[in-house]
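Me: Here's a chain I'd like to go through with you. Take the questions one at a time and show me how you get to each answer.

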Amino acid sequence: MSESIEDAVQEADVATEPEDTTPEPEAAVQEPQDDEQPTDPRATVMLLGAGELSRELALAFQRLGGVVVAVDRYHAPAHGVADRSAVIKMNDAEELAALIEREKPRYVVAESGVIAADALVATAERGDIEVLPTPRSIRLSQDREGLRRLASDELGLPTVPFWFAGSVEELGAVAEHAGYPLVVKPVVGALRDGESVLLRPDDIEPAWQRATTAGRIAHSRVLAESVVEVDYEVTLLAIRTTGPAGPGVHFCEPIGHRQVDGDVLEAWQPQQMPPAALDSAKSIAARIVNSLGGRGVFGVELLVQGDDVYFSDVRIRPHDSGLVTLRSQRLSEFELHARAILGLAVDTIMISPAAAEVSYGGADAETPDELSTNVTAVLAEALATSESDVRLFGRPDESDSRRRLGVALATAPDVIVARDRARRVGTALRKLW
């Protein structure tokens, strides 16, 4: 059960981002002339969010015959591969609705956390365009408070003790009630962005400031959690599909992950789990995913201690810890997402144990074409490791404060060797930054 410093549920405030320079129409939108509408008989997929991960997803849709319209607030990586593209303020309901009306896609797919949910609700209610996963899940993905209350209060999923606070004073009252240490997170934004650990009363004010200023969505509430001893954290990729027999949920092998000094995410597959814990993890994931509805890949974040499993969060799209599937599985998380959305068969076969290291940097980090370092020489050193691969992200992603720089990947007969190989590849790659 959850405890709250306030009884009423308050939705996170979503503020319009700072005014950007309006791009020239011909540069911002590649669209048909006013007297013609898209007539391609292939499925048109509009991706709302066009960062590095969306680029991989766009390619997955195109390989299955889809026409991709990539949308973001800036000229983003997926724009370079999409069939058509647009630069708009995605949290402007009128602007987003006008673009959807103009493009008339068959599917609208949320790939960003900053989207005008009201426009998507109106689109879905028309019935001729599918919004995926669902407008409700898109809205909840922008509201950690609503999502946590759904999981704990409505579905009864096990969670660590948590509270919400709407001011520094309320956060202080929570700390006095719950005790230290406490983890403080913003109610919106990416996992770990703006996160702090309270160890003493002097930490309260800095933690509040960090949480409420994280990301590009203004908010004035925070989530506070008790710190519990866990053995490891896992991402369980759950793929929700629909077919003649009704909805179904398929699971990938658990992905273990850990953050290293805030600048590196290490992930590996499979993470070994006791049978009882794995059964609990699948049960928790199926319940939250079925409640959210729709089709596609959901990354369910879980904390594991022995046979006990706690729900932590859920992502409604492919994300960083799942990048390991680029080498570990027959179908990557992007291919699974595309197949599920298009109503095609999926399989979650793991072909090899694998590991990945994702490196991050600030918004001012250099891109490969700006580096004075010999990129080819660094790649030669990185790829000298057996069964290795890399991905370099050449342009900024949708985050203003922190973005992906590159991914080191490796496979091996077992996950221990795979992690060691990925670590060596990642260490070599970080010479670029």
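Turns, strands and contacts

Me: In the hairpin of β14 and β15, which residue takes a positive phi?
Reply: Strands here are DSSP E runs of at least two residues and helices H or I runs of at least four, numbered from the N terminus. The hairpin has 2 residues between its strands. The one with a positive phi, near 60°, is glycine 306.

Me: Before we go on, what sort of model is this?
Reply: It's a predicted model, where local features need pLDDT of at least 70 and side-chain atom pairs count only at pLDDT 80 or more, while totals for chains, interfaces and linings use all residues. Residues are numbered from 1 along each chain as its sequence is written, and side-chain values use heavy atoms, with hydrogens and water left out. In a word, the model is predicted.

Me: How many bridges join β10 to β14?
Reply: Two strands pair once DSSP finds at least two bridges between them. On its other listed pairing, β14 (residues 296–305) runs antiparallel to β15 (residues 308–315) with 7 bridges, and there glutamate 301 stands opposite aspartate 313. β10 (residues 232–241) is antiparallel to β14 too, with arginine 240 facing glycine 296 as its bridge partner, and the number of bridges joining β10 to β14 is 9.

Me: How many of the 10 residues in β14 are buried?
Reply: Buried means under 20% relative accessible area, exposed means over 50%, and partly exposed is in between (1.4 Å probe, protein chains only). By that yardstick β14 is mostly covered. The buried count is 9.

Me: Which residue follows leucine 132 across a cis peptide bond?
Reply: Most peptide bonds are trans, so a cis one deserves a look. One cis bond runs from tyrosine 180 to proline 181, omega near -5°. The bond after leucine 132 has omega of about 5°, and its second residue, in the loop between β5 (130–132) and α5 (135–141), is proline 133.

Me: What is the phi of lysine 104 near?
Reply: Most residues other than glycine have a negative phi, so a positive one stands out. Glutamate 387 has one, near 55°, in the loop between α12 (375–382) and β17 (388–392). Lysine 104 sits in the loop between α3 (93–103) and β4 (107–110), and its phi is near 50°.

Me: Why is the pair of phenylalanine 162 and phenylalanine 164 classed as it is?
Reply: Rings of Phe, Tyr and Trp (its six-membered ring) pair when their centres lie within 6.5 Å; planes under 30 degrees apart are stacked, over 60 edge-to-face and the rest tilted. The rule finds 1 aromatic pair. Its centres are 5.7 Å apart and its planes at 75°, so phenylalanine 162 and phenylalanine 164 are edge-to-face.

Me: Which arginine has its charged end over the ring of tryptophan 268?
Reply: The test is NZ of Lys or CZ of Arg within 6 Å of the ring centre and within 35 degrees of the ring normal. Arginine 148 meets it over phenylalanine 162, 5.0 Å from the centre. Over tryptophan 268, at 3.6 Å, it's arginine 419.

Me: Which residue meets glutamate 103 in a salt bridge?
Reply: A salt bridge is a side-chain nitrogen of Lys or Arg within 4 Å of a carboxyl oxygen of Asp or Glu, and the count comes to 25. Glutamate 103 bonds this way at 2.8 Å, N to O, with arginine 84. Glutamate 103 is in helix α3 and its partner in strand β3 (residues 84–87), so the pair ties together parts 19 residues apart in sequence. Glutamate 103 is buried at 1% relative accessibility; the partner, also buried at 15%, is arginine 84.

Me: How many residues apart are glutamate 130 and arginine 295?
Reply: Their side chains form a salt bridge at 2.8 Å, N to O. Glutamate 130 is in strand β5 and arginine 295 in the loop between α9 (275–292) and β14, so this link between distant parts of the chain spans a number of residues equal to 165.

Me: About how many helical turns separate arginine 424 and aspartate 420?
Reply: The two meet in a salt bridge at 3.3 Å, N to O. They're 4 residues apart in helix α13 (residues 415–429), which means a separation of about one helical turn.
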